[in-house]
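Colleague: I have some labels to check with you. Let us take them one at a time.

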Amino acid sequence: MTVTEGCNTGVSYYLADFFGHSEPAIRLLLSLFVGYPLALFYRHVLFGTAPVIQNLFFTLCGITIGFYNYGFDIFHSLLSVFIMYFILITVGGTFCSVVISFIFFMAYLLTGYYCTATDEYDMKWTTPQCILTLRLIGLSWDVYDGQKSEVNLSEEQKETALKRCPSLLEIGGHAYFSCGFLVSSQFPMKRYLNLVEGKFKEKILNGNPDCVSAGLKRMFQAILIFSVYIIGNRFFPEKVFYSHGFEEFPSWKKILIIVICSRLYFCRYAAVWILSEGSLILTGLTYKGTDKNGKDLWDGCIDVKLWQFATTSTIRGIIGSFHCNTNLWIKQYVYKRLKFLGNRHISQALTLLFLAVWHGWHSGYYVLFFNEFLCLLFEKDFEAFLSTRFPKAKEMLLQNALKYPVGILIKVYLNVILGYVFLPFMFLTWSRYMQVYRSVYFYGHIVFGWILVSPFLRALIPKAKVQKAE
């Protein structure tokens, strides 16, 4: 139980009533904004001091913010940090430590989901715990990689491998770092240690570190996106799906509502992720060197690529545009570790299954990632089919005269299919998203049906003859 649960007073209560959201959601939002003055204090006062002082600052700030949001349930994350340290000092650096940490922290998280879950998206202690779970599992991998010869490490592993076991206070600082403890992209322990050890050397402009303007820019982007969500939700609230009138709407209107609501739902998550990222930038954690023009780069912990999300024309591009560093974590610590299976599709399927399990027990998570898997297969297979069977037709569609009309049609397809794919994540439970799927006659499964039809079409339609250059 949180310290504010059951109390109908305070800023969070009145803001929750004004915005029409739950009080836990408002407390989370307030905590993310508090991360900005804390980050500024760190940059101007504590940055460059002894690492132990910085580790202590981040640990205490994270625990305090966690207690404000989840009360004594902060115990779960504290226990996890101590257990991670115990694993590392006993069997750390071995594959056994990786297996133990993976099984324990995933089992602990799933038990938490089981004990606290409702039919809605639950903002309880399991919310930061799911972030912490990946962070601690990644830490065990990094210590394990650090004991190998560099010859046996990939370039990614060389950047994250740890030659020594971090101290308890370093693990605490990494786990509770700023507001990255609540909702954030994943970042390795080595990046955190590089920050507190003063290894990031960005420009100082007029006495201010360059990260200040970059962090505040992300904050204003988050506010703008959240405003779009608040305004849009007034006209297209999620409860529209439960109204009796929705069943009576024509199919085109239902699909339009699905597209708009799914985009607004994304705005809600994107705003939170970007707001959290902004405070990380302010601390200097996200520093990623300079570009070819000598300009500092601050995308080391990027979570949302807004321009890519707005302009991409593929599901793969959409997936790659949000939760970027979490996807990078999944790629490095799950997908590439499954290379021994020798089959990319199996590795991809198991990776998406892991993502679904990590999110929780609700069937909506599993249907979402299964839909994603089918969409990725469809896009790749359909493009290959056109390239090998109708190369001239594909080339013609890319000509200037047809490029823009075809581009518009592709964007319409993408938005329509994306809304369909995203529905299970919005509603979580089988009965609710199946009710909406039935009302639109499962239109998205027509695309998925390509996977069944494709082998027959390939057998019937031979490959186009490739003319050899003379």
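**Salt bridges and burial**

Modeller: This is a predicted model. Aspartate 145 and arginine 337 form a salt bridge, with their closest N and O atoms 2.8 Å apart. Aspartate 145 sits in helix H6, arginine 337 in the loop between helix H15 (324-335) and helix H16 (344-359), so the pair ties together parts that are 192 residues apart in sequence.

Colleague: What makes arginine 27 and glutamate 23 a salt bridge?

Modeller: Their closest N and O atoms are 3.5 Å apart. The cut-off is within 4 Å, so the pair counts. Both residues lie in helix H2 (residues 23-46), four residues apart, about one turn of the helix.

Colleague: Why is glutamate 23 called buried?

Modeller: Its relative accessibility is 16%, and buried means under 20%, so glutamate 23 qualifies. Arginine 27 has a relative accessible area of 2%, so the label buried fits there too.

Colleague: Glutamate 170 forms a salt bridge with arginine 164. Why is arginine 164 called partly exposed?

Modeller: Arginine 164 has 42% relative accessibility. Buried ends under 20% and exposed starts over 50%, so 42% falls in between. Glutamate 170 has a relative accessible area of 10%, under the 20% limit, and is therefore buried.

Colleague: How do you know that glutamine 129 is buried?

Modeller: Glutamine 129 has 2% relative accessibility, and the limit is under 20%, so it is buried. Glutamine 129 is found in helix H6 (residues 126-146). Its contacts, leaving out residues up to four places away in sequence, are His76, Ser77, Ser80, Tyr108 and Leu109.

Note on methods
Residues are numbered from 1 along each chain as its sequence is written. This is a predicted model: local features need pLDDT of at least 70, side-chain atom pairs count only at pLDDT 80 or more; totals for chains, interfaces and linings use all residues. Side-chain values use heavy atoms; hydrogens and water are left out. Helices (H or I, at least four residues) and strands (E, at least two) are DSSP runs, numbered from the N terminus. Buried means under 20% relative accessible area, exposed over 50%, partly exposed in between (1.4 Å probe, protein chains only). Contact means heavy atoms within 4.5 Å. A salt bridge is a side-chain nitrogen of Lys or Arg within 4 Å of a carboxyl oxygen of Asp or Glu.
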